[in-house]
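Welcome, and please open the structure in your viewer. We will go from stop to stop, selecting a few residues each time and looking at what surrounds them.

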Amino acid sequence: MKLLYFICFSCLFVLSVKSQDITGHVFDTYGESIENAFIINNNSYNHSHSLDNGKFTIDNNKIGDTLKVTILGYKSKIKILESQDFENDIVFNLEESIYNLDQIIISNQPYITSTITKLDLELNPVNSSQEVLQKVPGLIIGQHAGGGKAEQLFLRGFDIDHGTDIQISVDGMPVNMVSHAHGQGYSDLHFVIPETIDYLDFNKGPYNASKGDFATAGYVDFKTKDKLDHSTIQTSIGQYNHLRTLGLFNLINNKNNQNSYVGVEYIANDGPYESPQNFNRINVFAKYTTLLKNNAKLSFTASYFDSRWNASGQIPEREVKNGNISRFGAIDDTEGGNTSRTNINLDYKTYINEEVTFKSSVFYSKYDFELFSNFTFFLDDPINGDQIRQKEDRTIFGFNSQFENQKTYGNVSADYTTGFGLKYDLVDDIELSHTLNRKTILNYNQLGNLRQTNAFSFFKSEFEIGKFKIAPEVRLDYFKFIYEDLLEENYTISDEEKSIISPKLNFFYNQNEKSQWFLKTGIGFHSNDARVVVNQKGKDILPKAYGVDLGNIWKPNSKLIVNSTLWYLFSDQEFVYVGDAGIVEPNGESERFGVDLGFRFQINDYLYLNTDATYTHARSVNEVKGRNYIPLAPDFTMAGGISFKNYNKLSGNLNFKYLDDRPANEDNSIVAKGYFITNASLSYNMSNNINIGMSIENLFDLEWNETQFATESRLQNETESVEEIHFTPGTPFNFKMILSYTF
């Protein structure tokens with residue numbers, strides 16, 4: 001009888017603990033909490049992530065199960081559960097280690113590529129805001145206005161211009177400028193100090209309901225660091241009067257659950273041009289983070305940047321070929337501009353209960369922009385020239401809020417996210433004018449005040465059933481466009497409004513810890529310029545983009561990760577911004593399909609290889625064959641390199657980027673030439689806190705054109721116009737020395 005009681009009691013005990021929760025904390029060896037560590041029960045395969053304060057909860061555990069904790073940058077830790085672990089919190093203290101691929105488990109999360117990119121950023125850090133975006137696999141950039149204007153972007157067969165088909169944000173604050181003086185979706189990321197970037201959250205295609213306007217080719221959200229490991233003073237000097245000074249200073253370092261730091265950056269550069277750029281930029285960035293009661297987290301971020309420059313513009317090939325100017329000469333060297341932006345961002349996160357999390361952010365930006373350009377020289381005005389000024393004074397208000405709810409239905413884990421928000425752009429004196437020598441306004445082409453409102457809500461869900469995850473999502477956007485034309489004699493104001501629903505449906509299959517398959521489908525959109533919207537009385541306001549991705553992420557061994565994707569994207573309307581006319585040209589329907597390939601290979605703890613390549617077939621749908629090329633849409637891009645870190649106190653990298661020849665006009669009769677450019681860097685840790693290094697752009701000193709356009713122009717001595725390639729020359733061999741001190 002006693003034996004029977006013992007057996008019954010043992011069975012009841014086992015049943016009682018079978019589905020019990022385990023709670024605990026993850027810290028480093030200094031006792032500081034580790035956020036977003038991955039905790040998995042190797043027996044039940046249930047998993048969880050640690051919160052800001054290191055706390056985690058994982059269900060469906062029993063005595064004898066094995067818990068494994070992993071996170072990039074730390075050694076993994078394993079614990080076999082004992083009876084007392086169900087009564088007391090488990091504490092994991094993780095040791096720091098060199099970043100390597102062995103710490104990445106493919107089945108951790110649906111968007112594992114963001115974690116892989118964090119590894120890229122750590123092993124191959126950036127030291128300029130231009131390089132930050134190039135950490136997104138498959139994204140290529142080009143600069144063509146003296147270093148001060150936002151870069152031209154290429155991704156998945158898109159010439160995105162400055163942001164028409166990619167949504168960019170920093171800590172959730174939007175970077176894209178709607179109805180901008182120089183182009184729809186204009187995204188100037190130069191207010192970011194690259195050393196403050198912690199990681200990149202990104203995804204290609206229109207598959208995330210929390211991302212709206214411009215998220216057709218994809219989105220990128222940069223996350224800044226909550227704290228610094230140490231303070232840093234750095235300076236770099238180089239050719240062409242290059243100077244960069246950087247200061248990052250810890251103000252509060254994990255004192256009473258608080259962290260605070262400030263960063264200051266100054267850059268000056270004349271560039272290789274015969275007419276000096278006189279480029280200079282100042283950046284100031286400050287962030288304060290604190291953990292409140294009940295695991296709540298509050299972050300306050302403020303930043304300011306101011307940039308001024310001259311530019312030699314895009315020069316015609318014919319003038320270089322006939323010897324009238326060099327590759328670094330100019331037709332009109334009075335181009336250039338100035339811009340500034342002040343940002344304030346407040347983030348709040350709290351845990352309402354064990355199942356519900358609330359996140360909210362409020363942001364404010366004050367932005368000024370003035371740009372002088374001359375694309376056509378003397379085509380329209382043979383006496384004064386065709387220089388234009390684009391100018392605006394913008395204020396942005398907005399907020400994003402969301403509730404995340406985690407539920408368990410038997411063997412099904414479910415996550416629900418409900419979000420809503422608002423973005424309001426108030427733009428005064430948005431201008432396009434004909435100018436002379438940057439001083440005299442000859443006439444106004446456009447001048448007005450603009451108000452644009454975007455209210456939105458979305459619902460995301462994820463259902464995890466064994467190895468499968470199904471994620472249906474939907475988003476609703478409402479837009480209001482208001483434009484006041486100041487060039488009309490009488491008070492004239494026009495308005496339009498439009499709503500759009502964007503559904504998504506994504507599937508993930510975790511074959512095992514080494515392989516994940518995914519099928520993503522969704523509809524996205526990009527908005528049109530408000531001035532065009534009201535002039536066309538609501539036509540082509542929010543054209544849709546329909547996408548599908550089928551792919552795999554595979555980790556055949558601890559040293560190698562391979563990702564591959566077949567994708568397709570159909571756009572209702574291809575937008576081309578014509579800057580000198582201040583209009584957006586609708587180019588009709590378009591389709592793109594292609595393949596993304598990438599690999600990460602860690603030869604050993606020090607040596608790391610990475611490469612990403614994209615092949616694309618991009619065509620206009622409504623045009624006849626042979627005249628259906630999409631201007632400047634790249635059909636093949638590739639970027640990658642080899643890097644090593646902390647090998648006998650040496651660190652360095654050798655990187656390359658390749659952009660293939662691409663059509664510059666609709667019939668491919670004018671071709672924008674491709675390039676293959678190699679950059680290198682090397683640094684030596686002289687002591688625990690002094691580091692000396694060097695970097696080289698265009699290591700082999702090749703002649704290349706960074707940006708190219710098919711442009712019709714006329715020079716002052718010409719009677720007829722000529723359409724041909726106009727280009728901005730790429731940087732020649734460029735050497736810099738870097739010295740940094742940490743404390």
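Begin by selecting strands E24 and E25, which run antiparallel and are joined by 23 bridges. Keep in mind during the tour that this is a predicted model. For one rung of this pairing, pick Thr417 and find Lys460 of E25 standing opposite. Now follow the strands to their hairpin, where 3 residues lie between them and Asn437 takes a positive phi near 55°.

Stay with E25 and add strand E26 (residues 468–485): these two are also antiparallel, with 16 bridges between them. Here Arg451 has Ile482 of E26 opposite. The hairpin of E25 and E26 has 2 residues between the strands, and Gly466 takes a positive phi near 65° there.

**Rings and charges**

Next, colour the aromatic residues. The model holds 21 aromatic pairs. Zoom in on Tyr416 and Phe463: the ring centres are 5.7 Å apart and the planes meet at 75°, over the 60 degrees needed, so this pair is edge-to-face. Tyr416 sits in strand E24 (residues 412–436) and Phe463 in strand E25 (residues 440–465), so the pair links parts of the chain 47 residues apart. Is Phe463 buried or exposed? Neither label fits, because its relative accessibility is 25%, which counts as partly exposed.

Now select Phe636, Phe656, Tyr658 and Phe676 together, and you have one aromatic cluster.

Two positions show a charged residue over a ring. Arg475 lies over the face of Phe456, 4.4 Å from the ring centre. Lys520 lies over the face of Phe518, at 4.7 Å from the ring centre.

**Arg389 and its partners**

Move to Arg389, in strand E23 (residues 388–409). Arg389 is buried, because its relative accessible area of 13% falls under the 20% limit. Which side chains does the side chain of Arg389 meet in polar contacts? One is that of Glu370, at 2.9 Å, and another is that of Glu431, at 2.8 Å. Show the surroundings too: leaving out residues up to four places away in sequence, Arg389 touches Glu370, Leu371, Phe372, Glu431, Leu432, Ser433, Thr435 and Ile441.

**The nonpolar cores**

As background, nonpolar side chains tend to be buried together in soluble globular proteins. In this model, the largest nonpolar core has 56 residues, and those touching the most other members are Leu133, Leu139, Leu153, Ile166, Ile168, Leu189 and Phe222. Strand E22 (residues 356–373) gives the largest share of this core, 4 residues. Centre the view on Leu153 to see some of its contacts beyond four places in sequence, among them Leu133, Leu139, Ile140, Phe158, Ile166 and Ile168. There is also a second, separate core of 16 residues, including Ile58, Val69, Leu81 and Phe86.

**Val170 and Asn345**

Select Val170 next, in strand E11 (residues 166–170). Val170 is buried, with a relative accessible area of 6%. Although Thr224 is 54 residues away along the chain, the C-alpha atoms of Val170 and Thr224 are separated by 7.5 Å. Setting aside neighbours within four places in sequence, the contacts of Val170 are Val175, Leu189, Phe191, Val192, Asp221, Phe222, Thr224 and Asn345.

That last name is the next selection. Asn345 belongs to strand E21 (residues 335–351) and, at 4% relative accessibility, counts as buried. A polar atom of the Asn345 side chain lies 3.2 Å from the backbone oxygen of Asp171. Beyond four places in sequence, Asn345 is in contact with residues including Val170, Asp171, Met173, Ser299, Phe300 and Phe363. Draw a distance line from Asn345 to Lys55 as well: they are 290 residues apart along the chain, with 26 Å between their C-alpha atoms.

**One strand, two partners**

For the final stop, select strand E1 (residues 20–28). How do its partners run? Strand E4 (residues 55–61) is antiparallel to E1, with 5 bridges joining them, and Gln20 stands opposite Asn61 in E4. Strand E7 (residues 90–94) runs parallel to E1, also with 5 bridges; in E7, Ile90 is the bridge partner of Gly24.

Notes
Residues are numbered from 1 along each chain as its sequence is written. This is a predicted model: local features need pLDDT of at least 70, side-chain atom pairs count only at pLDDT 80 or more; totals for chains, interfaces and linings use all residues. Side-chain values use heavy atoms; hydrogens and water are left out. Rings of Phe, Tyr and Trp (its six-membered ring) pair if their centres lie within 6.5 Å; planes under 30 degrees apart count as stacked, over 60 as edge-to-face and the rest as tilted. Buried means under 20% relative accessible area, exposed over 50%, partly exposed in between (1.4 Å probe, protein chains only). A charge sits over a ring if NZ of Lys or CZ of Arg is within 6 Å of the ring centre and within 35 degrees of the ring normal. A nonpolar core is a set of buried Ala, Val, Leu, Ile, Met, Phe, Trp, Tyr and Cys residues joined through side-chain atoms within 4.5 Å. Contact means heavy atoms within 4.5 Å. A polar contact is a pair of N or O atoms within 3.5 Å; within protein, one must be able to donate a hydrogen and the other to accept it, and residues adjacent in sequence count only if both atoms are side-chain atoms. Two strands pair if DSSP finds at least two bridges between them.
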